[in-house]
Amino acid sequence: MNDDVAQVLELERARLRSLVEWDMSVAERIHADDYELITPAGQTHTKATYLGDVASKRLEYLHFAPDTSIAVRASPDLIVLRYLARIRLSVGVADEVELLAWHTDHYEKRDGTWTAVWSQATEIQV
């Protein structure tokens with residue numbers, strides 16, 4: 001495993017922890033300004049919308065972690081991660097929801113720093 005891949009894997013772990021632990025300074029640092037998330041429901045969220053929902057606890061992650069090993073595709077300025085994630089969350093005033101989802105994250109190296117630019121989650125119906 002090269003140093004860039006190891007660094008991005010650690011960033012991904014830190015990103016997930018920051019969302020669950022409500023550590024918005026870490027989350028802000030890891031997500032690019034032009035970050036976009038495609039949710040399991042197919043909605044697109046910008047960084048501002050997504051992290052704003054997390055900060056206000058309209059979207060509250062109670063658990064968000066890989067349930068499988070993390071597959072990696074890497075080139076010099078782009079690293080893509082894919083894994084099955086176990087997610088437990090509360091949305092607004094709704095009850096807790098637990099789901100399994102294939103999660104894909106794209107990290108780009110910008111000015112020598114790796115940053116999350118795209119994420120997509122696809123729920124697995126069991």
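**Figure 1. Contacts across the protein chain.** Among contacts in the protein chain between residues at least 6 apart in sequence, 49% join residues at least 24 apart. Keep in mind as you look around that this is a predicted model. Buried residues account for 39% of the 126 residues in the protein chain. On the outside, the protein chain exposes about 7100 Å², and carbon and sulfur atoms supply 51% of that area.

**Figure 2. The helices and strands of the protein chain.** Here you can pick out 3 helices and 7 strands. Following the sequence from its start, you will meet them in the pattern α-α-β-β-α-β-β-β-β-β. The radius of gyration of the protein chain is 14 Å, close to the 14 Å that the globule rule gives for 126 residues, so the chain is as compact as a globular protein of that length. For a sense of scale, the C-alpha trace spans about 40 × 30 × 25 Å along its principal axes.

**Figure 3. A look into the largest pocket.** The volume of the largest pocket is about 390 Å³. Its lining is made up of 20 residues, and T39, P40, L59, L89 and V91 are the ones that lie nearest the centre of the pocket. The elements that each give two or more residues to this lining are the helix α3 (47-55) and the strands β3 (59-66), β5 (78-91), β6 (96-110) and β7 (113-123). Sorted by character, the lining residues of the largest pocket comprise 13 nonpolar, 4 polar and 3 charged.

**Figure 4. H45 and the residues around it.** To find H45, look in strand β2, which covers residues 44-46. H45 counts as buried because its relative accessibility is 16%, and the cut-off for buried is under 20%. Which residues is H45 in contact with, leaving aside its neighbours within four places in sequence? They are Y35, E36, L37, T39, Y50 and D53. One of these should be familiar from the previous view: T39 is also among the residues nearest the centre of the largest pocket.

**Figure 5. G92 in its loop.** G92 sits in the loop between β5 and β6. Does G92 count as buried, partly exposed or exposed? With a relative accessibility of 41%, G92 counts as partly exposed, since that class lies between the 20% and 50% cut-offs. Now look for E60, which is 32 residues away from G92 along the chain. The C-alpha atoms of G92 and E60 are separated by 8.1 Å. E60 falls within the range of strand β3 (59-66).

Key. Residues numbered from 1 in each chain as written. Predicted model: local features only at pLDDT ≥ 70, side-chain atom pairs only at ≥ 80, totals over all residues. Heavy atoms only, no water. 1 Å grid on protein atoms, 1.4 Å probe; cavity = no way out; pocket = protein on both sides within 12 Å on 5 of 7 lines; lining within 4 Å. Points joined across faces, edges and corners; volume = space filled by probe spheres on them. Helix = DSSP H or I, 4+ residues; strand = E, 2+ residues; numbered from the N terminus. Nonpolar A, V, L, I, M, F, W, Y, C, P; charged D, E, K, R; others polar. Rg over C-alpha atoms; globule rule 2.2 N^0.38 Å. Buried < 20%, exposed > 50% of the residue type's maximum accessible area, 1.4 Å probe, protein only. Contact = heavy atoms within 4.5 Å. Areas by Shrake-Rupley, 256 points an atom, 1.4 Å probe, with all protein chains shown as cover.
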